[in-house]
Amino acid sequence: MADTRGPAVPPALRKAMALLSDPPSVPDVSNGYLDLLGVSEGDATEQNTGAIQRFWASSFGSMFYDNTQALARRTLEAWQHRTDWLKIPAGGVALDIGCGPGSITASLAQAVGADGLALGVDVSEPMLARAVRIQAGPQAGFLRADAQRLPLRDNTVDGVISIAALQLIPDPVAALGEMGRVLKPGGRLVLMVPTAGSASRLWRLLPKAGAHVFGDDEIADALEEHEFTSVRTKNFTTIQWVRAKRG
């Protein structure tokens, strides 16, 4: 077990350290988040590249992302509030995959209560730099980590949400599998992704731009293959919301 003592590690990240499968002996929290990607290039997992990915990773892209998430939140209200449906218990653990500037993580921090833990995960340093500045509360912490290889132990999370991020991950099916692995039995998942229906096949013929557009049934099928249950989808124009439970 890593030594998590020391005033440099915020309380939420000390809690997070206890959930890691391989906690670092010297945690890097110098930028306000726990950086778990400070590894050699040979050990790094593939990341998407392309114009879209470079845009989201930029400082301007992180600001633009705020507006995208605001639109997503308004759209979601027409279905059901995300954190309400997740039913995270007081004192539970919530995970925000592709947290961007941290606005959804802040909502999760309110949902888990004073004794809970809301963790935002992203690979983008500009995004995480914005996230740590929003002061989401003492129960919120941010990790620089790969969604295709989440650093958490099995069965440690009560609810997972991912808003407009899965399309930027090179292997989204692997990321879905990781979400299922870290969720506790009965834990709930909410996703929002872009979709183009049958036209998604044409999108994939275009030059690599660094983003994936999903077919209408693509995520639901992948979740069922990973033994999620109660899978539900709802489309709003080019946005798809997905709910599921870990069986």
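This note goes through a predicted model point by point, from overall make-up to single residues.

1. Overall make-up. The protein has 247 residues, and buried residues account for 50% of them. Its secondary structure consists of 9 helices and 8 strands. When contacts between residues at least 6 apart in sequence are considered, 66% join residues at least 24 apart. The surface that the protein exposes comes to about 11500 Å², with 52% of it supplied by carbon and sulfur atoms.

2. Salt bridges as a whole. Side chains of opposite charge can pair when their charged atoms come close. Across the whole structure, a search finds 5 salt bridges. Points 3 to 5 take up some of these pairs.

3. Asp35 and Arg144. These residues form a salt bridge in which the closest N and O atoms are 3.2 Å apart. The pair links distant parts of the chain: Asp35 belongs to strand E1 (residues 34–35) and Arg144 to strand E4, 109 residues apart. Asp35 counts as buried because its relative accessible area is 14% and the cut-off for buried is under 20%. Arg144 is likewise buried, with a relative accessible area of 15%.

4. Arg181 and Asp154. Here the closest N and O atoms of the salt bridge are 2.7 Å apart. Arg181 sits in helix H7 and Asp154 in the loop between E4 and E5, so this salt bridge ties together parts that are 27 residues apart in sequence. Arg181 is partly exposed, at a relative accessible area of 25%. Asp154 is also partly exposed, at 45% relative accessibility.

5. Lys184 and Asp158. A salt bridge joins the side chains of Lys184 and Asp158, at 3.3 Å from N to O. Lys184 lies in strand E6 (residues 183–194) and Asp158 in strand E5, so the pair ties together parts that are 26 residues apart in sequence. Lys184 is partly exposed, with a relative accessible area of 30%, whereas Asp158 is buried, with a relative accessible area of 14%. To return to the pair in point 3, salt bridges that share partners join Asp35, Glu125 and Arg144 into one network.

6. Helix H5 and the residue after it. Helix H5 covers residues 103–112, and its buried residues include Ile104, Thr105, Ala106, Leu108, Ala109 and Val112. Gly113 comes just after H5 and takes a positive phi of about 80°.

7. Positive phi at residues other than glycine. Asn155 is not a glycine, yet its phi is positive, at about 55°. Asn155 is found in the loop between strand E4 (140–144) and strand E5 (157–163). With a relative accessible area of 37%, Asn155 is partly exposed. Thr237 is not a glycine either, and its phi is positive at about 50°. The loop that holds Thr237 runs between strand E7 (228–236) and strand E8 (239–246). Thr237 counts as exposed because its relative accessible area is 75%, and the cut-off for exposed is over 50%.

8. Pro172. This proline is found in helix H7, which covers residues 172–182. At 10% relative accessibility, Pro172 counts as buried. Apart from neighbours within four places in sequence, Pro172 is in contact with Leu166 and Phe214. Pro172 and Ala222 are 50 residues apart in sequence, while their C-alpha atoms are 9.4 Å apart in space.

9. Negative patch. Asp216, Asp217, Asp221, Glu224 and Glu225 gather on the surface in a patch of negative charge. One of these residues, Asp221, is found in helix H9 (residues 218–225). Asp221 counts as partly exposed because its relative accessibility is 41%, and partly exposed is the class between buried, under 20%, and exposed, over 50%.

Note on methods
Residues are numbered from 1 along each chain as its sequence is written. This is a predicted model: local features need pLDDT of at least 70, side-chain atom pairs count only at pLDDT 80 or more; totals for chains, interfaces and linings use all residues. Side-chain values use heavy atoms; hydrogens and water are left out. Buried means under 20% relative accessible area, exposed over 50%, partly exposed in between (1.4 Å probe, protein chains only). Helices (H or I, at least four residues) and strands (E, at least two) are DSSP runs, numbered from the N terminus. Contact means heavy atoms within 4.5 Å. Accessible areas come from the Shrake-Rupley method with a 1.4 Å probe; for residues, only the protein chains shown count as cover. Patches are made of residues with over 30% relative accessible area and no salt bridge: like charges are joined within 9 Å, nonpolar side chains (Val, Leu, Ile, Met, Phe, Trp, Tyr) within 5 Å. A salt bridge is a side-chain nitrogen of Lys or Arg within 4 Å of a carboxyl oxygen of Asp or Glu. Lys and Arg count as positive and Asp and Glu as negative; His and the chain ends are not counted. The place of a charge is taken as NZ of Lys, CZ of Arg, CG of Asp or CD of Glu.
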